[in-house]
Structures are given as C-alpha cells and as structure tokens.
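Morning, everyone. I'll take you through one protein model today, and I'll keep it quick. Please have the view open in front of you.

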Amino acid sequence: MDIQNKRIVITGATSGIGQQLMLLLSRYEGTKIIAVGRQMRHIPIAMNIIPFKAELSEEKDIDALFDFAEKEMGGIDIFISNAGTFYFNTHEKAQWNDFENIFKTNVFASIYATKKMLELHKKSANEFLVAITVSGLAKLPLPGNPVYMGTKSALDGFIQGVRFEFPPQGRLLGIYPIGVKRSHPVGEGAKNGKRTTFLHYLLQTPPREVARTIIRGIERNKKNIYPTPLAHAAVYLLNTFPFISNWYSRATTKQLSTTAG
Ligand SMILES: NC(=O)c1ccc[n+]([C@@H]2O[C@H](COP(=O)([O-])OP(=O)(O)OC[C@H]3O[C@@H](n4cnc5c(N)ncnc54)[C@H](OP(=O)(O)O)[C@@H]3O)[C@@H](O)[C@H]2O)c1
C-alpha cells in the first residue's frame, strides 16, 4: 500500500510503538494523522498530526473518534489499532476489574474499530487498511501473563476469522511483536511493584526499529508482521526444545509467587 496522502488514525500514539509509528508516518508526503491517547502532552505539535484524547475502553469514545476523523479528514484510509495495556502477575492475584479493563482496552477496542472501518468503507471502492498490534505471546505461552495472553490470543483469533469478511479493497494486518523496549515499567503489574521476566530484559528491540518494520510491512501488503526477529528466534527455540521453556516457566512462576504481593 502506498502511504503517501493517506488519512491515518493511530491509537496508543502517546508512547512506544504507536508514538514511533506516528513520527515516521508523519514524514510521508500528504499524510494526515489523528494521534490517539490519554496523555496528550506526548503528542508533538505538527501540521499533519491532530491529537485526539480517548479512553478506548469506552464505546462512546471510539464513536467520537470516528466522527472526529470524518470531520477533520473526511474519512480514514489506515486505522492502526495499537493501544494496549499490560498485566503481569499470576492469575490468582488478578481481580474482575483487571480482567474487564484489559479485555475492553486490548480486545473490544480493536474489534469495534474494525467493525466501524468495515461500515465506513462499505460503499466505497477506496483501498483501506486495518492494522492491529497483537503480540508474539499469542503464539508462545509463558508464565506471568495469563490474562494479557488471553487478550492477545482473542485478538489473534478475531483477525483470522474477520479476514474473510474484508472486501477486496480492504487489507487486514496482524502485528506480532515481543520484547519491545518500554520507556516506563510495564503496566498494572509494575504499579504493584512486580518485575518483568528475564526473557523480556534479554530481548529488547527499540520501538523505532519495530515501527520501521511495521511500515515496511504495510508498504509490502503483508498480512502478518513479526517485527522483533531476535525474540521470534527465541520463540522458535522454545517451541522446538520444550524442556527449555519448561525450565524457564517453572523458574519464572517461582519468582512471581515469591515476589508478587
Ligand atoms: N512492548 C512490548 O514488548 C510489546 C510486546 C507485544 C505486544 N505489544 C503490544 O504493542 C502495543 C503497543 O505497546 P507499547 O509497548 O508501545 O506500549 P506502551 O508504550 O505502554 O503504550 C501503550 C499506549 O496505549 C495507550 N493506551 C493504553 N490504554 C489505553 C486506554 N484505555 N485508552 C486509550 N489509550 C490507551 C497509551 O496511552 P496513554 O499512555 O496516553 O494512556 C499508550 O499510548 C500494545 O498493544 C501492546 O500490548 C507490546
């Protein structure tokens, strides 16, 4: 897909992968970008970047985002559903509110935005793209993330199924990163003083590199992108030699049971 002159929405644009996607895509000639998040001070002032504050776990905020995009840009050609929240803890520590919040943000928001993009393009022959940031953890079970992994596996299944409902001019892209450097400690788990795992520290790709790979994938009309090669080599290794992942999983679960409060 040619990115020039495209009207783009990026969720999770205030940090990490989404922020880098916003910065890189804004350099293409003629692009207009609506950058979505909650902490708007992280969105730069630029001619072609329009900030939009939204709580993506709320249906009404996603409706408002689509109305805003129609008013500001006359439509959306590329919707990158990238916002996500992380929960790192053993399952026994997670409460109903944790499940509800993470599923609404990570799963419902992407599913609903995809539905809205399909509705928006029902009567148009213009090319469009929906890109969804899933996670390599949808493909490799590891301890410490059961609820988060549940959200990403749900998204993975959704992508495989909804692909068949896309019209010929519509593209759907699944993005499967693992171990991307974060500028802050990971999500809700970190707030409670939990640490992330050894594997996360070992395999860290800068978000700018991940964003570059995603953009190359968009330009080449890929259906899936695995933008963190080192981490994916580790996934391959762990799936091929299960005794390594068994050892790693037992050690991490033990670490979590002793450190989690
Ligand atoms: N980092 C990794 O290793 C990794 C690995 C696999 C998959 N992923 C996925 O990749 C995506 C981006 O990850 P990242 O590491 O770049 O994350 P990040 O730096 O933590 O940024 C998350 C973004 O999502 C937004 N967000 C979270 N909850 C939101 C909500 N309820 N409403 C609106 N915005 C919300 C945040 O906005 P505000 O801060 O403004 O609220 C922020 O811009 C996520 O879907 C994540 O699950 C990341």
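Start at the ligand. Which helix gives the most to the shell around it? Helix H1, residues 16-25, with three residues. Keep in mind that this is a predicted model. The shell holds 27 residues. Gly-12, Gly-16, Gly-37, Arg-38 and Gly-84 come nearest to the ligand. By class, the shell divides into 15 polar residues, nine nonpolar and three charged. Glycine goes with the polar group in that count.

Now step back to the whole chain. The protein has 261 residues, and 38% of them count as buried. There are nine helices and seven strands. Take the contacts in the protein with a separation of 6 or more: 71% of those are between residues 24 or more positions apart.

Next, the sheet. It is open, it has seven strands, and the pairing is parallel. Read the order across as S3-S2-S1-S4-S5-S6-S7. Which strands stand at the edges? S3, residues 49-53, and S7, residues 224-225. Each has a single partner strand, so one side of each is left without a neighbour in the sheet.

Look at S1, residues 7-11. On one side, five bridges join S1 to S2, and the two run parallel. S1 also pairs with S4, residues 78-81, again in the parallel sense, over three bridges. Ile-10 is a good residue to click on. Its bridge partner in S2 is Ala-35. In S4, the bridge partner of Ile-10 is Ile-80.

Is S1 mostly covered or mostly open? Mostly covered: five of its five residues are buried. Arg-7, Val-9 and Thr-11 point one way from the strand. Ile-8 and Ile-10 point the other way. Both sets are buried, Arg-7 included.

Back to H1 for a moment. Together, S1, H1 and S2 make a right-handed β-α-β unit. So the helix that gives the most to the ligand shell also belongs to that unit.

Two more helices lie over strands. H2, residues 59-73, lies across S1, S2 and S3. It runs at about 155 degrees to S2, which covers residues 32-37. H3, residues 96-120, lies across S4 and S5, the latter being 128-133. H3 runs at about 170 degrees to S4.

Now two aromatic residues. Phe-99 lies in H3. Why does Phe-99 count as partly exposed? Because it has 15 C-beta neighbours inside 10 Å, and buried would take 20 or more. Leaving aside neighbours within four places in sequence, Phe-99 is in contact with Ala-94 and Val-147. Tyr-148 is 49 residues from Phe-99 along the chain, yet their C-alpha atoms are separated by 8.7 Å.

The other one is Tyr-236. You'll find it in helix H8, residues 229-240. Buried or exposed? Tyr-236 is exposed, because 11 other C-beta atoms lie within 10 Å, and the limit for exposed is 12 or fewer. Tyr-236 and Leu-140 are 96 residues apart in sequence, but 9.0 Å apart in space, C-alpha to C-alpha.

That's the tour. Happy to go back to any of the views.

How values were computed
Residues are numbered from 1 along each chain as its sequence is written. This is a predicted model: local features need pLDDT of at least 70, side-chain atom pairs count only at pLDDT 80 or more; totals for chains, interfaces and linings use all residues. Two strands pair if DSSP finds at least two bridges between them. Helices (H or I, at least four residues) and strands (E, at least two) are DSSP runs, numbered from the N terminus. Two residues are in contact if their C-beta atoms, placed from the backbone, lie within 7 Å. Axes are lines fitted to C-alpha atoms, for helices over the stretch in contact, and angles run from 0 to 180 degrees between N-to-C directions. A residue is near a molecule or strand if its C-beta atom, placed from the backbone, lies within 6 Å of it. A crossover is right-handed if, with the strands pointing away from the viewer, the path from the first strand over the helix to the second runs clockwise.
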